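What follows is a walk through the helix, pockets and cavities of a structure, with the ligand taken along the way. Please keep the sequence and the 3D view open while reading.

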Amino acid sequence: MGMTMVEKILARASGSDAVHAGDTVVAKVDMNILIDLMFTQWPDPLKIADAERTAIILDHAVPAPSVVDANAGVLAREFAARFGIERFFDVGRHGICHQVIAENALALPGQVLTCTDSHTCAGGAYNNAARGLGPAEIISILCTGQTWYSVAPTIRYELTGAPPPGISGKDVFLHLAGTWGDATNHTLEFGGPGLASLPMNDRRTIATQGAEVSADFSVFEFDEHCAAYLAEHGAPDSFTPADPDPDAVYAATRTIDLGALVPYVARPGKVSENAVPIPEIEERAVQQCFIGSCANGQLEDLRIAADILDGRQVARGVRLIVTPASQQVYRDAVRLGYVQTLADAGAVVTNSTCGACFGYHMGVLGAGEVCLTSSTRNFRGRMGSPDAEIYMASTATVAGSAVTGRITDPRKVLA
Amino acid sequence: MSHTITGRTWVIGDSIDTDALYPGFAMRLPVPEAATHVLYDLRPGWAAQVRPGDILVAGRNFGIGSSRQVAALLRYLGISALVAEDFNSLFHRNAINHGLPAVTVPGVSGMVTEGDVITLDLEAGLLRNGDTEAAFSPVPPMMLEILDAGGLLPRLVAAGYLADPSGKDRP
Ligand code: SF4
């Protein structure tokens, strides 16, 4: 019996010949990521497994918006210094962990990455078995270098065609979530002839969002685009990608024709079976538009937003908040003029952080407000008041809607 | 810990997410205070009504969302076990790793009415509610060991990795 990508990666990491759905294995973790929130309730280990396989990334609440967060930063710095952790991304080199992981090639093909953040499945864009685990488990990995996995069945997505102009990874994901719903206790695998037409930023959006359909892992096949991205970001060449075996066993195989996609919007609450083609929701008035998060605060998102807002204005009564996913994205966006364009159009471009995505700071919603977001999660209360409504769409749709003040197909704004 | 648990039930619905269980604003608060906000919007005042030993019964896809330490809050409130039609795997691991038993029992929402007193036998994989019974996959020995230790952190303390013996419900 052949293996899927994740089965193959976990077989290697656990030193087994073969691993299949239903097995439980203990696997060595190649990279374990600690984020700032970890340090708000920090048990302070006496010894750790390997400083080289550990990185610390400050992201959710930087620069510190509260004393609790500031104290966490103090502990993180002290811990990094004590154990000589060189991959320490402090304020100034900071960014949302999944973006920083990508920029520094910390999620390598065929390897295993862990982090407390639930969107750690983002690393699957790079053919890595990355997933979120709880803080207690991340501490355990920090100490012992390994953890256990119950291997879930895999759903295979065959991509065909190429996305039309104006359609991006977010639309692909919302189509998937709206059509097939939750994948609880399943792994998602993406490949097929259409993969080559999906740039790395879109793959990461899709992999990141796997958490929203409750998937364990969300992994893409390795190809030359992935290789080029990793080489550009300083990856060592000491990795072995995991290709799925032709006779791998899947719980289901589904096809997505990228060429047939239209802009999608998720209604408030969840994305599963709750995302629809834009005509069904168009014209809903919005007060806040948010572009950001680990899924859609990438440089390409800022470029798309700047393109749409160039020479246009954010509608009266609408706030457009743009939060770059990392300091690196921010610096590039300044250099390339995107920040100027966005600010001239009336957008607020913030420091890079998780910020409004999890309703913690810099764009929290009030009761009765309607938000259209390109971030990851539209749960009730996610971005502030439980009496606010959160719709979710691509960056292009959010930017276009900021111009009209209503949920709008971005292709109409550009037409 | 005993592998048989009896308790009064609370029943909640499908896809109860971690933001509903542990709202963002509560993340700044210490555990005892944060625990008062569990299900703040869905079941206002619920936390104050929970009695030690109570069991929380949920529907499909329980705990979709983030790795927020919901289990720490539920344990603080005295919840003794979680039962659901199925769990988000991150949430499920979090519960076990905090020493909170969590079992998947397909069909459970149809056989428990809030307030029923049910018994779970983790080793045998049996749920009993009055005269009705349902079988579930027994909790594997590896997870029972974690539960017996009171979670992962006490184990790390015992192994000399952590100094803080009060780390049981942290981080
Ligand atoms: S941007 Fe949002 S989804 Fe991504 S890591 Fe931060 S809080 Fe989580």
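The buried residues of helix α4(A) are Pro135(A), Ala136(A), Glu137(A), Ile138(A), Ile139(A), Ser140(A), Ile141(A), Leu142(A) and Cys143(A). In this predicted model, that makes nine of the 10 residues of the helix, which spans residues 135-144, so α4(A) is largely enclosed by the rest of the structure. Directly after α4(A) comes Gly145(A), whose phi is positive, at about 80 degrees.

Gly145(A) also lines the second largest cavity, as do Ile141(A) and Leu142(A) from the list of buried residues. The remaining lining residues of this cavity are Val29(A), Asn32(A), Ala49(A), Asp50(A), Arg53(A) and Thr54(A). Its volume is about 60 Å³. By class, the lining of the second largest cavity has four nonpolar, three polar and two charged residues.

The structure contains three cavities of 30 Å³ or more. The largest cavity encloses about 90 Å³. Its lining takes Ser118(A), Cys121(A), Arg131(A), Gly132(A), Ala211(A), Ala215(A) and Asp216(A) from chain A, and Gly65(B), Asn88(B), Ser89(B) and Leu90(B) from chain B. Two elements, β6 (129-132) of chain A and α5 of chain B, each give two or more residues to this lining. Four of the lining residues of the largest cavity are nonpolar, five are polar and two are charged.

The pockets come next. The largest pocket holds about 790 Å³ of space. It is lined by 34 residues, and those closest to its centre are Ser150(A), Asn185(A), His92(B), Thr104(B) and Met143(B). Elements giving two or more residues to the lining are α1 (5-14) and β7 (146-150) of chain A, along with α5 (89-97), β4 (102-104) and α7 (141-148) of chain B. Which of these elements gives the most to the lining of the largest pocket? With four residues, it is α5(B). The lining of the largest pocket consists of 19 nonpolar, 10 polar and five charged residues.

The second largest pocket has a volume of about 620 Å³. Of its 36 lining residues, Leu37(A), Thr40(A), Met27(B), Arg68(B) and Gln69(B) lie nearest its centre. Two or more residues each come from α2 (67-83) and α8 (293-296) of chain A and from α2 (31-34) of chain B. The lining of the second largest pocket is made up of 18 nonpolar, 12 polar and six charged residues. Where does this pocket lie with respect to domain 1 and domain 2 of chain A? Domain 1 (5-234 + 248-259) and domain 2 (276-414) both give residues to the lining, so the pocket lies between them.

The ligand sits in the second largest pocket. Around the ligand are His60(A), Ile96(A), His98(A), Asp117(A), His119(A), Ser293(A), Cys294(A), Cys354(A), Cys357(A), Phe358(A), Thr376(A) and Arg382(A). Each of domain 1 and domain 2 of chain A supplies at least three residues of this shell. By class, the shell has five nonpolar, five polar and two charged residues.

One last site is in chain B. Ala124(B) belongs to the loop between β5 (117-121) and β6 (126-129) of that chain. Is Ala124(B) buried or exposed? Its relative accessible area is 49%, so Ala124(B) counts as partly exposed. Ala124(B) and Val139(B) are separated by 15 residues in sequence, with their C-alpha atoms 8.2 Å apart.

Terms used. Residues numbered from 1 in each chain as written. Chains lettered and ligands numbered in written order. Predicted model: local features only at pLDDT ≥ 70, side-chain atom pairs only at ≥ 80, totals over all residues. Heavy atoms only, no water. Buried < 20%, exposed > 50% of the residue type's maximum accessible area, 1.4 Å probe, protein only. Near = heavy atom within 4 Å. 1 Å grid on protein atoms, 1.4 Å probe; cavity = no way out; pocket = protein on both sides within 12 Å on 5 of 7 lines; lining within 4 Å. Sits in = over half its atoms within 2 Å of the grid points. Nonpolar A, V, L, I, M, F, W, Y, C, P; charged D, E, K, R; others polar. Domains from an automatic or database assignment. Points joined across faces, edges and corners; volume = space filled by probe spheres on them.
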